Every structure is written in C-alpha cells, then in structure tokens.
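Let's walk through this one together, a piece at a time. Have your viewer ready.

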Amino acid sequence: MPNAQRATAGAPPPGDPAPRGRDGFRALRLVDVHKSFGGTRVLHWVNLSIERGRTLALLGPSGCGKTTLMRIVAGLEVADGGEVHVGERMLAGPGVNVAPEHRRIGLLGQERALFPHLTVGGNVAYGLGRSPDRDARVREVLEMVDLAGFEKRMPDSLSGGQQQRVAIARALAPRPRMLLLDEPFQALDVHLRLELQAEVQALLKALGATAVVVTHDQDEAFVMGDEVAVMQEGHIRQRGTPSEVYGHPASPWVASFVGDANFVPGIGSGDTVATPLGNLATCCPASGKVAVLVRPSHLRLVTPATGGDVDASATGQVQAMRFYGHTTECRVQFGENVLLARSDRMPSVRVGDDVMIRYEGPPAVAYPASAMAGLRRNGKQRREASTSPAR
Amino acid sequence: MDAGRLFRVWGFGLGLFFAAPLGYLVYENVRLRSDILDILGVGRTWGPLGNSLLLAAAVSLAAMVVGTALAWATVRLDLPGRRLWAALAPLPLVFPTFVGATAFIALLARGGLAEQVLSPLGVGTLPRLQGFWAAWLVLTLFTYPYVYLPTRARLRHLDPSYEEAARVLGRTPRAVFTTVTLPAMLPAVSAGGLLVCLYTLSDFGAVELLRYETLTRSIYANRLFDRATSVTHGLLLGVVAVGVVVVERWLARRRAGGFAATSDRPPPRTNLGWLRWPVCAAVVAFLLLALVAPLATLGYWAGRGIANPGRRVGAFALDAAGIATSAASTVAVSAVAAAVTVLVVLPLAWLLVRRPSLSASASNLLVTASFAFPGIVVALALVFWALQVPFAAVIYQTLPLLIVGYVLLFGAQAANAARAAVGAVPPRLSEGARTLGARRWRRLRTVELPLMTPGLLAAGGLVFLSVMKELPLTLLMRPTNLPMLSADIWDSTESLFLAQAGLESLVLVAASGVLTWLLVLRRSEFA
C-alpha cells in the first residue's frame with residue numbers, strides 16, 4: 001500500500017510543465033495538539049496551519065516544545081490528543097496514528113544522521129522504493145543541491161556543508177508532502193550557516209515546498225520563514241510575518257526574544273504616551289500605566305555640541321561602550337534605568353559624557369504595565385545587553 | 001646515551017622479544033626437520049586443525065548470536081527486570097573456561113546435583129560430558145560476554161536519529177533493523193566475535209577436560225614423545241590465530257566510518273505486549289544455565305567436602321589448608337608478573353605516545369600481534385627453548401622463566417592499557433612543570449607518575465586477572481613445588497576430586513569476580 005502511494009503520488013501528470021515538486025507538497029494543519037512528559041505539559045493545545053508552498057519558521061528558546069511538536073508531525077512521538085493533517089489526510093487524531101514510514105514527511109534533524117555505512121547515492125536512494133527511475137531521481141536531487149557526481153563518495157569524506165546538502169537531498173528524494181527542518185544548521189559554523197540558509201531558502205521556494213523550519217535563532221527564523229511563529233513554554237505566542245513579529249511583538253517576552261529591547265515606563269492617553277523620553281506616538285491606542293518598547297537602534301544619542309531640538313529632561317550618562325565595527329552599542333544610565341542604544345554611525349560620544357537621548361523610530365508599541373510581570377517571570381532574555389525597568 | 005635513544009633500543013628489543021615464540025617455533029620446525037608436508041599430510045593434523053577451526057567458528061557464531069540477542073533485548077525491549085538481567089549477563093566472564101568445564105562435569109558426575117535431581121525420576125548414571133557439543137556449549141556460555149559487553153555499549157549510545165531518519169524515509173521497523181541497527185552494531189559484534197574466536201582457538205582447559213581433539217590438545221599430548229608433531233601443530237595454531245586477527249583488521253578497515261554516539265537521548269524501547277513474558281523467561285533460562293548452574297554445582301561440591309572432613313581420598317576429600325597456600329602463592333605470582341609486565345612495556349608505551357616513530361610502531365605491531373598467540377604456543381616455545389639451549393635448562397620450570405612466559409603472553413594487553421596511562425599525562429603538564437623549574441626526576445615523581453598511576457594499576461590488574469585464569473602456560477612451566485590455583489583445579493578435576501575442585505574453583509571465581517568488577521564492569525554502566 002505505501003509503495004503504491006509512493007509510486008503514484010509524487011509523479012507529475014504527463015506533459016505537465018509545472019515545476020515537479022509542487023504537485024507533491026500539501027498544506028499542514030495542527031488542531032489542539034497537546035502533550036505531556038511525566039506530568040510536565042510541554043505542548044498546550046497548539047493550533048497551527050501552513051499554506052501549501054509556504055515556509056513557516058517555528059522560533060522559540062530551547063525546551064519550549066518546538067522539537068516535540070515537529071516529532072509529533074513526523075510521527076516519531078505520539079501526541080496526547082489533537083489532530084495532524086497534511087493536505088486532505090489526517091495523519092494523527094482520534095483513533096488514527098499513521099506510522100512515520102507512511103507519512104511521507106521529509107525530516108532534516110538536528111543531527112544530519114547520514115548513514116555512515118552507505119555511499120552518498122545509497123543514502124539518497126534509501127527512501128526510494130525499488131522503482132526503475134531510482135538512479136535518475138538520485139542524480140536529479142543531487143544536482144539540486146549542487147552535488148552532482150558525488151554518488152560513490154562516503155559521507156565521512158565530505159565537509160560539514162556537503163553532508164548537510166546530502167541530508168537535504170535524501171529528505172527530498174522520496175517527494176515528501178512537506179519538509180520539517182529541525183535546527184538544520186546548528187552544527188555548522190557561522191559563515192557556512194548563512195550560506196546554506198540562503199541556498200536552502202531558495203531551493204524551498206524553487207520547489208514550492210511546504211516547510212517548517214525549527215530554530216532558536218531569530219535571524220535564521222526571519223531569513224528562512226515566510227512567516228514566523230514564536231513559541232514559549234508549549235504555547236504559540238505570536239504568528240505573523242517577520243516584520244510584524246519584530247515590529248509589533250505580541251508581548252514584552254516576544255519583543256525581547258526576537259531582538260534586544262528596552263522598556264520605558266509611560267502613561268498612555270490614546271494615540272500618544274508620555275514617557276521620560278518625551279511624548280511618543282503609539283501604533284495602537286494605549287491608556288493608563290504602560291511599558292513602551294524601544295529598540296536600541298531607535299535611540300539616538302546627542303551631545304550638546306551636536307544637539308538640536310530635544311526634550312531637555314531626557315538626559316543620561318554614557319556608562320559603557322562596545323565597538324563592533326559595523327555598529328556601536330552604548331549603555332546609558334537614564335534615571336533609574338540603563339538603556340541600550342545602538343548606532344551604525346561612528347560614535348561622537350565617550351564614556352562618562354552626558355548625553356541627550358532622542359527616540360527616532362516608528363510609532364511605538366506600548367504594553368500594559370501588568371504585562372511586564374510575564375517578562376519578569378519568564379525572563380530569560382536572550383542577550384545580556386537587553387535591559388528593562390522590570391529588572 | 002640519552003633517554004630517548006635508550007627507549008628506542010628498548011622498544012626495538014621488546015618487539016623482537018615478543019616475536020620470539022613464533023620465530024622459535026619456525027626454527028624448531030626446520031631444525032627437527034619435521035617435514036611439515038608429511039605431518040600436514042597425515043590425518044593426525046587435519047583432524048585437530050579441522051576440529052579447532054570448526055569449534056572456533058561454531059563458538060564465535062553462537063556467542064555472536066547470543067551476545068547480540070541479549071544486548072538488544074536488554075537495551076531495546078521493555079523486559080520486566082531489564083536492569084537486573086543486564087547486570088547479570090556479563091558475569092559468566094569471571095569463569096575461566098576450564099572452571100566452567102569443571103562445573104559442568106561436576107554437575108553431571110556421580111553424586112552430583114543432576115543425579116540427585118534426576119535419580120528419583122528413574123534416570124541412571126549420566127553420560128560423561130564430552131565431545132564437540134560439550135566443548136561448544138561450555139565455551140559459548142563463558143565467552144559470549146565478549147560480544148555482549150561491546151554490543152550493549154554500542155546500542156545504548158547509538159544516536160536514535162539514524163533509526164528515526166530511516167523510519168521517516170519510509171522504512172518499516174523491521175527494515176530499519178536490518179538496514180540501520182544491524183550495520184551499526186556490526187563493528188562491536190565482530191570485534192567481540194574475534195575475541196571469542198581467538199579465545200576458543202587458544203583454549204586448552206575446556207577442550208582437554210571435555211575430550212575434544214583440537215590443536216591445543218594435540219600439542220599438549222605430543223609434547224613429550226612426538227616433539228615434531230607438537231611443534232608443527234604449535235606453529236600451525238600460531239599462524240591460524242594471527243591470520244584470524246589479520247582478517248578481522250582487514251574487514252574492520254573496509255567498514256566505513258562510525259555512527260555517531262549520543263549521550264543525552266535514551267535508547268528507544270519496543271513495547272512487546274504479552275510477548276515480553278516468554279522473551280524474559282528465555283533470558284532467565286539462559287542466565288540460569290550460564291551463571292546459576294555452574295555456581296550452584298561448585299558450591300554443592302564444596303559444601304559436601306566441607307561436610308565430610310574425615311575423608312582423605314576420593315571425590316569428597318578436601319584439603320583446605322592446601323587451598324589457602326595455593327591461593328596465597330597464586331596472588332603473589334600474579335602480582336609479581338603484573339608488576340614486571342607493566343614495567344617492561346611502559347617504555348614502549350611512552351615512546352608510542354610521546355615520540356611516535358616508525359620503529360616504535362613496528363615494535364608495537366609485533367607486541368600487539370603477540371596478543372593472538374595462544375598460551376600453549378608460548379609455553380611450548382619456551383619449554384623447548386629451555387630444554388634445547390645449553391645452560392638454559394637451569395631455568396626450566398623456575399619462577400623467572402614462568403614470569404617471562406606471562407610477560408610474553410599478556411604483554412600486549414598491558415601495552416594497550418599502559419598507552420592509555422601515558423596518554424593521561426598531557427605533554428603540556430610536563431612542559432608546565434619544566435617552566436616552573438622541575439627537573440626530570442621531580443617531574444616524573446610529582447606530575448607524571450601520579451597521573452599515570454590509575455592507568456598503570458588498571459594495566460597491572462588486567463595482567464593479574466589473566467595470570468590467575470591462565471591454565472596451559474602455568475601447567476607446563478610452573479616450578480613443580482609451586483602451587484597455583486588454576487593448575488590445582490585442573491589436577492583435582494582430572495582426578496575427579498570434585499569437592500576439592502569445587503572449593504578451589506569458588507576461590508578463583510571469587511577473586512576473578514572482584515577483579516573483573518573493578519577493571520571491566522565498573523567502567524561500563526553497571527557501577
């Protein structure tokens with residue numbers, strides 16, 4: 001039965017000029033998936049769907065349940081409840097649990113897990129049945145990942161990047177209905193990671209693949225994903241395009257997880273909020289005590305010499321500076337708080353200088369002050385540079 | 001002459017020393033004009049050679065099957081009492097095979113446990129346990145841990161990602177087992193199988209007690225009156241043993257790079273449902289046969305001996321004072337042999353780790369190849385050499401020559417462990433001590449020796465254990481007035497003084513059990 005499916009489902013109708021892979025890929029829909037391990041709930045009624053041909057980046061800190069969710073989709077783990085649909089077919093749900101070998105979901109795990117006792121060709125052909133066009137398919141997918149002619153090599157004779165490409169080719173060879181990439185570039189060095197991110201992203205687009213990229217790295221999520229879903233403690237906290245998630249984080253926690261964040265206290269009055277930095281425009285109406293998200297790159301430091309029209313009350317003292325080449329970070333003592341400011345211009349201030357602080361950014365995002373408690377409770381912020389009044 | 005040069009000369013000499021037994025047998029063959037073709041052409045060679053090969057193949061195969069099955073069952077199946085069976089399964093390792101043979105002979109002997117149980121059922125005298133199947137059974141029961149231990153370690157640490165990847169790529173669990181799990185286990189299984197094969201080829205005690213005509217038995221039987229046959233068979237056995245190692249190395253090299261190990265994910269377990277009860281019963285039955293039966297029967301005979309102190313002769317005679325003396329001298333001899341062996345191979349180990357060179361590697365090759373030599377071949381070479389060379393007869397059957405024999409036999413083992421010991425001292429630490437002003441002697445005393453001590457103790461412990469369990473070399477080369485437990489067990493069993501043999505065996509098994517725990521099992525996961 002699975003063999004019959006394999007033989008027919010992925011093959012294009014004769015004479016169809018459309019890109020081949022597209023026919024194979026399907027949408028993914030998760031309904032109320034939940035799971036506990038030994039009394040600890042790792043997934044809370046997760047609902048998530050991805051349209052056919054789109055890439056979703058599932059972003060979250062380690063231990064948030066994202067890998068478990070992917071293993072449930074692949075069939076390597078059984079959920080306590082909920083449904084997994086790929087295309088029209090329910091793979092897991094009440095009374096249904098399709099075995100992983102019958103799901104036709106490509107998985108690229110944290111470990112490349114290339115079979116060391118098989119050649120590159122043997123690895124790629126592993127998921128193909130005894131079909132007559134097996135060798136042709138191996139050649140085809142190896143070409144896709146720029147490894148044409150590597151069939152006879154052994155995996156341990158390849159570089160890390162090449163091994164990763166073989167793993168991609170192996171996952172693609174059986175024409176899966178969707179791809180799961182679980183921290184696929186974690187083991188690679190930075191340079192290679194950036195290169196492969198771009199390559200794989202282009203490949204997924206060219207194939208029209210439905211894919212989920214699991215990662216804890218927000219840069220990777222933003223680069224790879226058409227959309228990003230942020231996960232924390234077994235909940236999906238926000239779902240949106242990369243710019244939505246970065247620009248309008250759903251909570252202070254999301255804000256500081258996807259990037260460095262300062263939070264400045266304020267009093268909201270509709271479209272504006274009064275803060276020690278002055279009256280700022282907000283993107284959405286705000287009222288009462290709020291915390292305003294200020295990204296470090298939206299702060300400009302001005303010395304009296306270069307100064308201009310600034311609210312004189314917004315002054316602080318530069319405590320420390322870090323020069324990174326392309327950017328410079330300043331920590332500024334501002335009242336009781338320390339603010340992080342980042343600029344791509346050469347700094348004109350020095351440690352110890354008194355500076356004026358100016359907000360130069362889009363309409364600000366304000367959270368009810370009570371929301372900051374959540375940040376403090378879960379507050380594992382990702383970079384030590386990020387600061388908040390909550391500390 | 002500086003130390004490095006001295007070490008190199010020492011290492012070179014060591015290589016020659018370890019190659020000497022086989023070289024000497026070649027020389028003897030030529031000197032005695034023993035017409036190899038003539039001896040080979042006669043049935044008296046093909047018989048023992050064929051028997052040796054057949055037994056080695058059958059035992060290796062059975063041990064690989066049993067060892068792999070037990071390892072897989074205890075790691076991957078949800079058997080009740082899994083951890084207990086896993087911890088018990090390696091224990092038959094503590095029985096030297098001649099003690100195992102003794103136990104099974106004693107089990108079936110007149111007045112033994114089997115007779116006690118079966119006679120009410122109307123079964124008369126039991127047949128003596130002997131021949132191919134007897135040797136096959138006993139050797140398999142007491143050598144399979146050599147396969148079980150590495151295979152279990154492999155399975156426990158095999159990264160589950162490989163099998164998961166195979167599942168996701170569309171293979172059924174059964175297909176995943178044959179295409180991924182089995183190939184991943186294979187290096188461990190075949191390395192263990194090689195040890196079993198060598199062990200069986202060189203085994204003398206079990207086949208002699210169980211009357212199965214192999215090369216070792218022929219070497220022993222012909223050593224006095226048909227020296228040419230004995231020497232030819234010795235050479236043949238040595239060549240076969242080395243050949244087995246060479247073939248395994250060649251196979252190992254052809255195998256591709258390894259599967260990655262993991263430590264953070266527990267191995268996946270298959271839920272057997274009701275099937276787990278019969279599988280568990282099979283595991284328990286096997287352990288009863290391999291562990292409980294021999295211990296029970298040795299204990300039974302020892303107990304009967306203790307209960308009948310008056311008897312001076314026969315199956316129930318027991319000479320407890322003699323056993324104490326024997327145990328004491330066994331410990332003393334083993335300790336001396338262990339210390340001497342480690343001291344002899346240490347310079348070579350140092351050379352290999354700190355000053356790698358072609359000559360050091362060549363010497364190392366000769367030393368490690370000697371690992372394949374059966375004890376009886378080494379003994380034969382030394383005995384004939386001592387009897388042949390003028391003046392050497394003076395040291396025949398003296399303690400020094402016995403120690404030389406042990407060094408030759410177990411040097412390879414010690415060399416491996418000693419290399420690990422030397423490796424435990426990073427050169428940077430010696431350099432650091434040097435920049436702090438410590439001279440050679442002070443560096444050795446304050447930095448290098450303290451760091452090497454655990455490794456050297458382990459090396460010595462391994463030799464100690466092996467010497468205690470060694471039979472043929474001890475039997476042929478010990479001074480006539482030096483009691484050794486292994487040789488005593490042998491004599492007692494041959495004379496059917498089973499009470500005596502039982503108590504002696506228990507003492508040896510207890511001592512070997514403690515050492516095996518400290519040196520082998522404690523280092524695995526059973527601590």
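What covers the buried residues of helix 6 of chain A? Before the answer, some ground rules: this is a predicted model, where local features need pLDDT of at least 70, side-chain atom pairs count only at pLDDT 80 or more, and totals for chains, interfaces and linings use all residues. Residues are numbered from 1 along each chain as its sequence is written, while chains are lettered from A and ligands numbered from 1 in the order in which they are written.

Now the answer: the cover includes strand 7 (105–108), helix 4 (120–125), helix 5 (134–144), strand 8 (178–182) and helix 7 (190–207) of chain A. Helices (H or I, at least four residues) and strands (E, at least two) are DSSP runs, numbered from the N terminus. A residue is buried if 20 or more other C-beta atoms lie within 10 Å of its own, exposed if 12 or fewer, and partly exposed in between, with C-beta atoms placed from the backbone. By that count, 10 of the 13 residues of helix 6 of chain A are buried, so this helix is largely enclosed by the rest of the structure. Among them are Gln163(A), Arg165(A), Ile168(A) and Leu172(A).

The length of helix 6 (residues 160–172) of chain A checks out too: at 1.5 Å a residue, its 13 residues should span 18 Å, and its end C-alpha atoms are 19 Å apart, which agrees. The expected span is 1.5 Å times one less than the number of residues.

Helix 3 (residues 66–74) of chain A has 9 of its 9 residues buried, so it is largely enclosed as well. Those buried residues include Lys66(A) and Arg71(A) alongside Leu69(A) and Ile72(A). Right after helix 3 of chain A comes Gly75(A), with a positive phi near 90 degrees.

Zooming out, chain A has 11 helices and 19 strands, and 43% of its 391 residues count as buried. Contacts here mean that C-beta atoms, placed from the backbone, lie within 7 Å. Among contacts in chain A between residues at least 6 apart in sequence, 67% join residues at least 24 apart.

Where chain A touches chain B, each chain gives 19 residues. On the chain A side, helix 1 (2–9) and strand 7 are the elements that give two or more residues. That side has 12 nonpolar, 3 polar and 4 charged residues (Ala, Val, Leu, Ile, Met, Phe, Trp, Tyr, Cys and Pro count as nonpolar, Asp, Glu, Lys and Arg as charged, and the others, Gly among them, as polar).

Over in chain B, look at helix 22 (residues 485–494). Its axis and that of helix 5 (residues 97–108) of chain B come within 10 Å and cross at roughly 25 degrees. That makes the two helices roughly parallel (angles under 35 degrees count as roughly parallel, over 145 as roughly antiparallel, 65 to 115 as roughly perpendicular and the rest as oblique). Axes are lines fitted to C-alpha atoms, for helices over the stretch in contact, and angles run from 0 to 180 degrees between N-to-C directions. Phe98(B) and Ile105(B) are among the helix 5 residues in this contact, and Trp490(B) is one of those from helix 22. By class, the contact has 5 nonpolar, 2 polar and no charged residues.

Helix 22 of chain B also comes within 8 Å of helix 23 (residues 498–521) of chain B, axis to axis, crossing at roughly 155 degrees. That makes this pair roughly antiparallel. Their contact divides into 5 nonpolar, 5 polar and 2 charged residues.

Methods
Contact = placed C-beta atoms within 7 Å.
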